[in-house]
Amino acid sequence: MLTVGTVLTNRVRVLLRDIDDGGVQWRDPELLQWFNEACAEIARVRPEACSGTSTFMLKAGSKQSVATMGASRVLEVICNMVGEDEGRSVRRVDRSTLDNEDPNWMAGPKTDTVFRYSASLTDPRSFYVYPPSDGTTGLMMVVGTTPPEVTELTEVFPLPTMYAACVANYILYRAFGKFTESESMQARAQGYYSIFTAQVGDTQASMESDNAVTRDVIGTR
């Protein structure tokens, strides 16, 4: 099992050449701060890195918000929930399509079954359901969440392990970047940041080539 300490000790400290227990030039609390910052940045850019599937209880009406779940954004709506069982699937659609077909669709009759959903283009935690919900049922959804902050080296790595190198390179960028008066250190910092952004970009390209939108003809833009 990958731990925070494994990333900091076996990867980051080796490259910093600061391998003494607890560190000398870079102490553990400092590296832990940048560790949490790295995880939050990855989750911001690649929300799939920190996501979860759960049941979202609908409220009456069309507009819904996952802010009440503590989620950072809507990633995908999968299906209606009938009690604890999966029900009818829900397809993604652009809101403009619904608006063009019926400008008054949000004021339509409320039902207990959702057919379509539309993610907000400007509020990542909000989405709209069609037909409007009567507020008695729920949806199975995938939402982006915020990585838990770690405080101990023994804690489990909070993201999928494939992001360990990204986290390490971000920490190295911050570690070398604090030496603002050294051109060589600044160059090393920018080098690690470039590696970090390239790694995250490669992940983004891979996800975009095979995600919920590209697999869903209605959702394709």
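Start by selecting G201, which lies in helix α5, residues 183-209. You are looking at a predicted model, so treat each stop as a feature of that prediction. Colour G201 by accessibility and you will find a partly exposed residue, because its relative accessibility is 31%. Now add V45 to the selection. The two residues are 156 apart in sequence, yet their C-alpha atoms are 9.0 Å apart in space.

**Helix α4**

Next, select residues 164-177, which make up helix α4. How far apart are the end C-alpha atoms of this helix? They are 20 Å apart, and this agrees with the 20 Å expected of 14 residues at 1.5 Å a residue.

Show the surface of the rest of the protein and see how much of α4 disappears under it. Of its 14 residues, 11 are buried, so the helix is mostly covered, given that buried means under 20% relative accessible area. You can click through the buried residues one by one: A164, C166, V167, A168, N169, Y170, I171, L172, Y173, A175 and F176. As you do so, keep a general point about helices in mind: an α-helix has 3.6 residues a turn, so residues three or four places apart point the same way.

**Two helices against α4**

Keep α4 on screen and add helix α1, residues 4-16. The two helices pack with their axes 10 Å apart, at an angle of about 40°. Because of that angle, α1 counts as oblique to α4. The crossing of α1 over α4 is right-handed. To see the contact itself, show side chains on both helices. From α1, pick V7, L8, R11, V12, L15 and L16; from α4, pick A164, A165, A168, I171, L172, A175 and F176.

Now hide α1 and bring in helix α2, residues 28-45. Here the axes come within 9 Å of each other and cross at roughly 125°. This angle, too, makes α2 oblique to α4. The crossing of α2 and α4 is right-handed. On the α2 side, the contact is made by L31, W34, F35, E37, A38, C39, E41 and I42. On the α4 side, select C166, V167, Y170, I171, R174 and A175.

**Two stops in the loops**

Go to the loop between α1 and α2 and click on R17. What is the phi of this residue, which is not a glycine? For R17, phi is positive, at about 55°. R17 is also exposed, because its relative accessibility is 77%.

The other loop stop is P160, between β8 (138-144) and α4. With a relative accessibility of 35%, P160 counts as partly exposed. Draw a distance from its C-alpha atom to that of E48: the separation is 9.9 Å, although the two residues are 112 apart along the chain.

**The sheet**

Switch to a cartoon view and find the open sheet of 4 strands, in the order β2-β7-β6-β5 and with mixed pairing. Which strands stand at the edges? They are β2 (61-65) and β5 (91-92); each has a single partner strand, so one side of each is left without a neighbour in the sheet.

Walk across the sheet from the β2 edge. Strands β2 and β7 are antiparallel and pair over 4 bridges. Within that pairing, look for K63 opposite Y128 of β7. The next step takes you from β7 to β6, an antiparallel pair joined by 4 bridges. Here R116 has Y130 of β7 as its bridge partner. Follow the chain between these two strands and you will trace a hairpin that joins β6 to β7 through 6 residues. The last step is from β6, residues 116-119, to β5; these strands run parallel and are joined by 2 bridges. Select R92 and you will find Y117 of β6 opposite.

**Last stop: strand β7**

Finish by zooming in on β7, residues 126-133. This strand is mostly covered, with 7 of its 8 residues buried. Click on P131, which sits in β7, and then display the backbone towards Y130. The peptide bond joining Y130 and P131 is cis, with omega at about -10°.

Key
Residues numbered from 1 in each chain as written. Predicted model: local features only at pLDDT ≥ 70, side-chain atom pairs only at ≥ 80, totals over all residues. Heavy atoms only, no water. Expected span 1.5 Å × (residues − 1). Buried < 20%, exposed > 50% of the residue type's maximum accessible area, 1.4 Å probe, protein only. Pairing = 2+ DSSP bridges. Axes fitted to C-alpha atoms, helices over the stretch in contact; angles between N-to-C directions. Parallel < 35°, antiparallel > 145°, perpendicular 65-115°, else oblique. Left-handed = near helix turned anticlockwise from the far one by under 90°. Contact = heavy atoms within 4.5 Å.
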